[in-house]
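Got your viewer open? Get ready to click around, and keep the selection tool handy.

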Amino acid sequence: MQAFTQLNGLVVPLDRANVDTDAIIPKQFLKSIKRSGFGPNAFDEWRYLDHGEPGMDNSKRQTNPDFVLNQARYQGASVLLARENFGCGSSREHAPWALEDYGFRVIIAPSFADIFFNNCFKNGMLPIVLSADDVDTLFKETEASEGYKLNIDLSEQSITSPSGNLYKFEVDAFRKHCLLNGLDDIGLTMQHQDAIKAFEAKHKVAQPWLFN
Amino acid sequence: MSAKTLYDKLFDSHVVTEENGTALIYIDRHLVHEVTSPQAFEGLRLAGRKPWRKDSIVATADHNTPTNGWEKGLDGIADPISRIQIETLDSNIKEFGAKAYFPFMDKGQGIVHVMGPEQGATLPGMTVVCGDSHTSTHGAFGALAHGIGTSEVEHVMATQCLVQKKSKSMLVRVDGKLGKGVTAKDVALAIIGKIGTAGGTGYAIEFGGSVIRALTMEGRMTLCNMAIEAGARAGMVAVDDATINYVKGRPYAPKVDQWDAAVAYWRTLVSDDAAEFDAIVVLNGDDIQPQVTWGTSPEMVVGIDGIVPDPASESDATKKGSMERALQYMGLQANTPMNEINIDKVFIGSCTNSRIEDLRAAASVAKGKKIAGNVKLALVVPGSGLVKAQAEAEGLDQIFKDAGFEWREPGCSMCLAMNADRLESGERCASTSNRNFEGRQGLGGRTHLVSPEMAAAAAIAGHFVDVRSFN
């Protein structure tokens with residue numbers, strides 16, 4: 001997994017609550033058996049005016065000029081600013097794959113859906129929860145100032161705005177450690193394989209029917 | 001020993017190691033389907049890993065599978081990419097192994113959350129995971145069950161464990177008694193309407209109270225299935241006689257010589273009387289009406305007697321914006337009575353409502369009637385091959401066909417429209433599924449979530465109608 005330490009990134013504001021993973025990556029793209037290449041279809045139904053299908057040449061499709069990701073000033077954005085309950089719905093990890101493939105490394109919102117939040121960390125992305133008021137302030141500043149960038153520092157757990165405002169955020173210590181060092185969960189868990197075997201042996205004695 | 005919630009008991013009994021609040025928990029059952037597993041199997045292959053315990057894996061194909069044209073076999077899958085995904089599951093299971101596999105067109109094939117319980121592959125006290133958010137369904141058995149992403153699917157395959165932090169606990173208690181025509185689906189929607197789609201975020205929900213105790217296991221599955229729509233990864237119901245009676249005799253249930261010990265343990269899977277929850281929500285079942293969603297989030301829901309709400313009366317700017325966008329997408333005017341909204345299609349199916357009791361309930365409404373002229377398509381998609389066979393043995397298929405419904409093969413179908421079953425842009429659907437998100441059932445499609453009875457009644461009337469006064 002790619003590590004995440006620090007980022008100074010252009011911010012794009014997606015001003016909708018309850019953005020679900022069906023919207024982030026529509027179902028027709030879940031037929032892929034790969035985990036890459038979803039970026040051109042991130043937010044497909046909002047981003048393009050036609051109906052997208054796998055295998056289409058996306059560069060030839062007509063984009064929706066009203067959708068914020070398509071606006072010239074937000075090209076190259078790596079920080080997604082969002083509203084409440086971002087990533088709700090389906091557990092599809094294709095959603096963080098699509099956002100990461102698009103170029104996002106950080107998502108800031110007042111709240112996230114649990115499964116999506118968890119999936120981000122598995123893909124070198126940092127989802128950050130700030131208060132609704134702070135998110136509101138960032139929305140206003142992003143929209144008011146073209147080229148608005150935020151500086152995000154994971155080890156300091158801080159976001160610095162262009163005006164110098166500092167926002168501190170919480171992150172689980174284990175997830176932070178994995179993200180800072182780009183550590184693969186499976187490798188870490190395998191260090192506990194003796195404990196897993198011991199648990200399993202005990203579990204099998206207590207509930208043998210689970211091992212039929 | 002301090003009093004424990006059911007969630008505490010399930011979580012604590014599966015902790016392998018714990019450090020600073022992050023635990024490694026052991027997974028008993030891993031349900032696998034074709035959409036969220038190929039990248040996980042590929043990860044194992046690339047790392048030269050094997051499943052830790054292949055006997056924990058029970059797999060089926062459901063999301064992509066067609067619901068008609070089965071006489072053509074794999075050639076009946078019109079979309080070549082869907083076909084590759086289904087064939088990839090076949091080859092992955094062949095290579096890596098599984099306790100049980102119900103491939104495309106097998107008589108045991110079905111929606112993973114219908115198949116697991118009916119096979120007895122879901123048992124009380126288990127930890128159950130699947131790369132699908134509706135895995136919360138299995139919590140109906142007094143199990144700890146939740147959806148995971150594909151990286152975690154690979155992690156569970158490789159290590160039999162998940163890295164987890166314990167959630168907060170919420171008790172949703174539904175007191176009183178449900179009225180006639182009010183179902184587990186209506187209870188689920190009423191709860192989501194009350195606490196919101198993020199109301200359960202960060203929580204594991206236990207459903208309790210007299211209404212829940214009176215639900216059948218299938219009703220409890222419907223309810224737990226939609227815990228995720230309230231934001232909770234896991235929903236659960238304590239074990240009682242209904243749980244044990246349901247499990248008994250299923251193919252993968254404990255053997256005869258294990259049964260008494262299993263039941264004795266399962267009986268402990270209830271919250272202790274003195275257990276404390278981080279949050280408690282109480283509803284009165286007598287107040288719950290048949291529910292219909294009006295918007296693009298399951299929390300946008302009212303009783304059938306209600307009207308489409310008016311954004312003008314909402315003071316919160318973000319909520320108001322969401323309401324306005326939802327009404328525009330849904331093609332609805334504020335203040336329209338719900339029972340005046342006409343529909344184009346009907347979908348009875350999904351992991352929420354495709355079990356035999358759901359089909360019986362819908363058939364009882366449709367019996368001897370015809371679908372309305374404005375209804376272009378009314379689909380009934382049984383949850384599994386076994387549900388389909390049971391329904392046919394009871395003659396339910398004939399009742400549906402006589403009324404003008406199409407009777408299909410099992411699968412996820414138009415719940416998420418990955419296969420050929422979908423809404424066209426602008427079409428309005430009465431659906432027994434679980435999500436009314438924009439585009440969920442097809443680009444531009446308009447979904448209203450209802451119970452099977454309400455869906456059947458809408459099919460006959462051509463518009464939403466109160467099933468309690470419908471005949």
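Here is a short tour, one selection at a time. Keep in mind that this is a predicted model.

**Stop 1: chain A as a whole**

Select chain A and zoom out. Along its principal axes, the C-alpha atoms fill a box of roughly 65 × 45 × 25 Å. Colour by secondary structure and you can look for eight helices and seven strands. How much of chain A is buried? Of its 212 residues, 57% are. Now think about contacts between residues with a separation of 6 or more: in chain A, 64% of these involve residues 24 or more positions apart.

**Stop 2: helix α2 of chain B**

Switch to chain B and select residues 38-47, which make up helix α2. Show the side chains of P38(B), Q39(B), A40(B), F41(B), G43(B) and L44(B): these are buried. What do the buried residues of α2(B) pack against? In chain B they meet β3 (29-32), α3 and α5, and from chain A there is α3 (94-102). Step just past the end of α2(B) and you land on G48(B), which has a positive phi of about 65°.

**Stop 3: α2 meets α5**

Keep α2(B) on screen and add residues 150-159 of chain B, helix α5. A quick bit of background: two packed helices are described by the angle between their axes and the distance between the axes. Here the axes come within 8 Å and cross at roughly 50°. Because of that angle, α2(B) counts as oblique to α5(B). The crossing of α2(B) past α5(B) is right-handed. To see who does the touching, pick Q39(B), A40(B), F41(B), G43(B) and L44(B) on the α2(B) side, then T150(B), V153(B), E154(B), M157(B) and A158(B) on the α5(B) side. Sorted by class, the residues of this contact are six nonpolar, three polar and one charged.

**Stop 4: a three-stranded sheet**

Next, select β1 (15-19) and β8 (161-165) of chain B, then add β2, residues 22-26 of chain B. In which order do the three strands line up? The order in this open sheet is β1-β2-β8, with antiparallel pairing. β1 and β8 are the edge strands, each pairing on one side only. From one strand to the next, the twist averages 20°. Look between β2(B) and β8(B), and you will find the two antiparallel strands joined by five bridges. For one spot to click, try A23(B), which stands opposite Q164(B) in β8(B).

**Stop 5: two residues with positive phi**

Most residues other than glycine have a negative phi. Go to N20(B), in the loop between β1 and β2 of chain B. Its phi is near 50°, a positive value, and N20(B) is not a glycine. Is N20(B) buried or exposed? Its relative accessibility is 72%, so N20(B) counts as exposed.

Now jump to M105(B), in the loop between β5 (100-102) and α4 (112-119) of chain B. M105(B) also has a positive phi, about 80°, without being a glycine. Since its relative accessible area is 33%, M105(B) is partly exposed.

**Stop 6: a buried glycine in a loop**

Find G76(B), in the loop between β4 (57-60) and α3 (80-96) of chain B. With a relative accessible area of 18%, G76(B) is buried. Leaving out residues up to four places away in sequence, G76(B) touches P66(B) and G69(B). Try your distance tool from G76(B) to T65(B): their C-alpha atoms are 9.4 Å apart, and the two residues are 11 apart in sequence.

**Stop 7: a strand covered on both faces**

In a regular strand the side chains alternate between the two faces of the sheet. Select residues 345-348 of chain B, strand β15. K345(B) and F347(B) lie on one side, V346(B) and I348(B) on the other, and all are buried. Add β16, residues 377-380 of chain B: the two strands run parallel and are joined by four bridges. K345(B) has L377(B) as its bridge partner in β16(B).

**Stop 8: α12 and α15**

For the last stop, select residues 356-366 (α12) and 452-461 (α15) of chain B. These helices pack at an angle of about 30°, with axes 8 Å apart. That angle is why α12(B) is described as roughly parallel to α15(B). This crossing is right-handed. Among the residues that meet here are A361(B) and V365(B) from α12(B), and A456(B) and I460(B) from α15(B). By class, the contact has eight nonpolar, no polar and two charged residues.

How values were computed: Residues numbered from 1 in each chain as written. Chains lettered and ligands numbered in written order. Predicted model: local features only at pLDDT ≥ 70, side-chain atom pairs only at ≥ 80, totals over all residues. Heavy atoms only, no water. Axes fitted to C-alpha atoms, helices over the stretch in contact; angles between N-to-C directions. Parallel < 35°, antiparallel > 145°, perpendicular 65-115°, else oblique. Left-handed = near helix turned anticlockwise from the far one by under 90°. Contact = heavy atoms within 4.5 Å. Nonpolar A, V, L, I, M, F, W, Y, C, P; charged D, E, K, R; others polar. Pairing = 2+ DSSP bridges. Buried < 20%, exposed > 50% of the residue type's maximum accessible area, 1.4 Å probe, protein only.
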